[in-house]
Amino acid sequence: MRHTPHQVAILALDSVVPFDLAIPHQVFGFSRAAAPARYRVRVCSPRPGRVRAAEGIILETRHGLRTLAAADTIIVPGLTELDRPIPRDVCSALRRAHARGARLASICTGAFVLAAAGLLDGRRATTHWQNAEALAARYPLVRVDPGVLYVADGPVFTSAGLAAGLDLCLHLVQRDFGAQFANSVARELVVAPHRSGGQAQFIDTPLEPGDGGSLEATRIWALAHLGQPLTLTRLAAHARMNRRTFTRRFRSETGMSALQWVVYQRVLLARRLLETTDLPVSRIAARAGFGSALSLRLHFRKLLAVSPLSYRRAFRAGGEA
């Protein structure tokens with residue numbers, strides 16, 4: 001059966017940030033070397049021709065707004081000139097794409113473009129923390145969350161600055177084709193496979209001298225023992241710290257509590273097992289450390305908004321899981 005590539009359109013407007021534009025082009029364009037290709041990527045602008053990017057860079061695009069009409073996913077990279085009005089035809093094209101069911105995503109200040117089109121009204125969204133206050137003030141109907149890497153609200157996704165756009169794009173690849181393929185893309189790009197959207201944009205708790213080294217060794221040990229009870233006391237003991245110091249240091253390194261991190265890693269393990277094995281949910285729950293199928297279902301649905309069996313069916317069917 002011939003695979004139809006997922007159509008990705010990257011919208012380049014004047015003052016577009018080149019790094020933000022390059023991220024989705026690299027992530028989704030990676031599959032061009034695969035057989036068959038998973039994505040087909042096009043960069044478009046209001047009209048084919050020159051686009052004045054940030055830092056004095058001039059881009060040439062071959063595609064106009066008609067590209068948005070056929071795209072399955074539309075990515076809006078960040079802009080540097082936030083006071084420049086967003087063209088009406090751009091807003092109209094984005095609204096039409098949303099109305100027909102396209103998935104829309106912004107990187108960094110690209111959220112201002114989606115907000116200008118009215119697509120973030122009533123939705124939770126994020127942007128770079130330095131611009132979050134301006135986004136909330138300009139578009140009061142948007143529920144701005146300045147403290148996370150990326151946000152999914154229905155078919156609309158927004159991400160924080162710079163590298164958070166990479167996390168969001170890998171998250172979208174994961175939703176489309178599963179964790180195994182997303183991990184292969186991450187390896188090709190030489191980046192970490194995945195960061196949860198709920199992680200903090202930045203860590204503002206400085207590490208104090210004398211606190212010891214990184215807790216990476218404890219996290220690696222925990223990953224190898226997810227099927228066993230992993231209490232805060234046991235994790236702190238492995239790190240040879242008291243619970244209070246361990247708790248503070250773990251959050252400073254990861255942006256989440258130790259037990260939140262353990263649950264998240266268990267959900268990731270369960271998802272991989274759902275994708276790659278035919279084990280029943282009860283066996284997967286035991287191997288991932290949840291103890292019961294009910295506990296797995298509760299945490300799986302909370303983090304991924306879908307049940308384990310629904311995820312497996314959607315993944316095996318080749319659709320968006």
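Q: In strand 6, which residue is the bridge partner of V76?
A: This is a predicted model. Strand 5 covers residues 73-76 and pairs with strand 6 in the parallel sense, over four bridges. V76 lies on strand 5, where V76 and I74 point one way and T73 and I75 the other. The bridge partner of V76 in strand 6 is S106.

Q: How many of the residues of strand 6 are buried?
A: Strand 6 runs over residues 103-107. R103, A105 and I107 point to one side of the strand, L104 and S106 to the other, and all are buried. The strand is thus mostly covered, and the number of its residues that are buried is five of five.

Q: Which residue in strand 10 stands opposite I107?
A: Strand 10, residues 156-159, pairs with strand 6 in the parallel sense. Four bridges hold this pairing in the count. Opposite I107, in strand 10, stands S159.

Q: Which helix belongs to the β-α-β unit of strand 5 and strand 6, and what is the hand of the unit?
A: The two strands pair in the parallel sense. The unit is made of strand 5, a helix of residues 88-99, and strand 6. That helix is helix 2, and the unit is right-handed.

Q: Which residue of strand 1 stands opposite T73?
A: Strand 1 covers residues 6-11 and runs parallel to strand 5, with three bridges joining them. T73 belongs to strand 5 and is buried. The residue opposite T73 is V8.

Q: In what sense do strand 3 and strand 4 pair?
A: Strand 3 is residues 49-52 and strand 4 is residues 58-61. One of the facing pairs is R50 with E60 of strand 4. Over four bridges, the sense of the pairing is antiparallel.

Q: Which residue takes a positive phi in the hairpin of strand 3 and strand 4?
A: The hairpin has five residues between the strands. A phi near 65 degrees is found there, and the residue that takes it is E55.

Q: What is the geometry of the aromatic pair of Y39 and F177?
A: A pair of aromatic rings is described by the distance of the centres and the angle of the planes. The protein has seven aromatic pairs. For Y39 and F177 the centres are 5.3 Å apart and the planes stand at 85 degrees. Planes over 60 degrees apart count as edge-to-face, so the pair is edge-to-face.

Q: How many residues apart are Y39 and F177?
A: Y39 is in strand 2, residues 39-44, and F177 is in helix 5, residues 163-189. Both Y39 and F177 are buried. Their pair links distant parts of the chain, and the separation is 138 residues.

Q: About how much of helix 5 separates F177 and F181?
A: F177 and F181 are both buried. Their ring centres lie 5.8 Å apart with the planes at 75 degrees, so this pair is edge-to-face. F177 and F181 are four residues apart in helix 5, so the separation is about one helical turn.

Q: Which rings are linked with F177 into a cluster, and which charged residue lies over the face of F177?
A: Ring pairs link F177 with F28, Y39 and F181 into a cluster. The face of F177 also has a residue lying over it, at 4.9 Å from the ring centre. That residue is R38.

Q: Why does A285 count as buried?
A: A285 has its place in helix 10, residues 281-287. Leaving aside neighbours within four places in sequence, A285 is in contact with residues including F290, S292 and L296. Buried means under 20% relative accessible area. A285 counts as buried because its relative accessibility is 0%.

Q: Over which residues is the pLDDT below 50?
A: The mean pLDDT of the protein is 86, and 89% of its residues reach 70 or more. Where pLDDT is low, the predicted coordinates should not be read in detail. One stretch has 25 contacts in the model beyond near neighbours in sequence, yet its pLDDT is below 50: residues 200-212.

Terms used. Residues numbered from 1 in each chain as written. Predicted model: local features only at pLDDT ≥ 70, side-chain atom pairs only at ≥ 80, totals over all residues. Heavy atoms only, no water. Buried < 20%, exposed > 50% of the residue type's maximum accessible area, 1.4 Å probe, protein only. Pairing = 2+ DSSP bridges. Right-handed = clockwise from strand over helix to strand, strands pointing away. Phe/Tyr/Trp six-rings, centres within 6.5 Å; stacked < 30°, edge-to-face > 60°. Lys NZ or Arg CZ within 6 Å of the ring centre and 35° of its normal. pLDDT = per-residue confidence, 0-100. Contact = heavy atoms within 4.5 Å.
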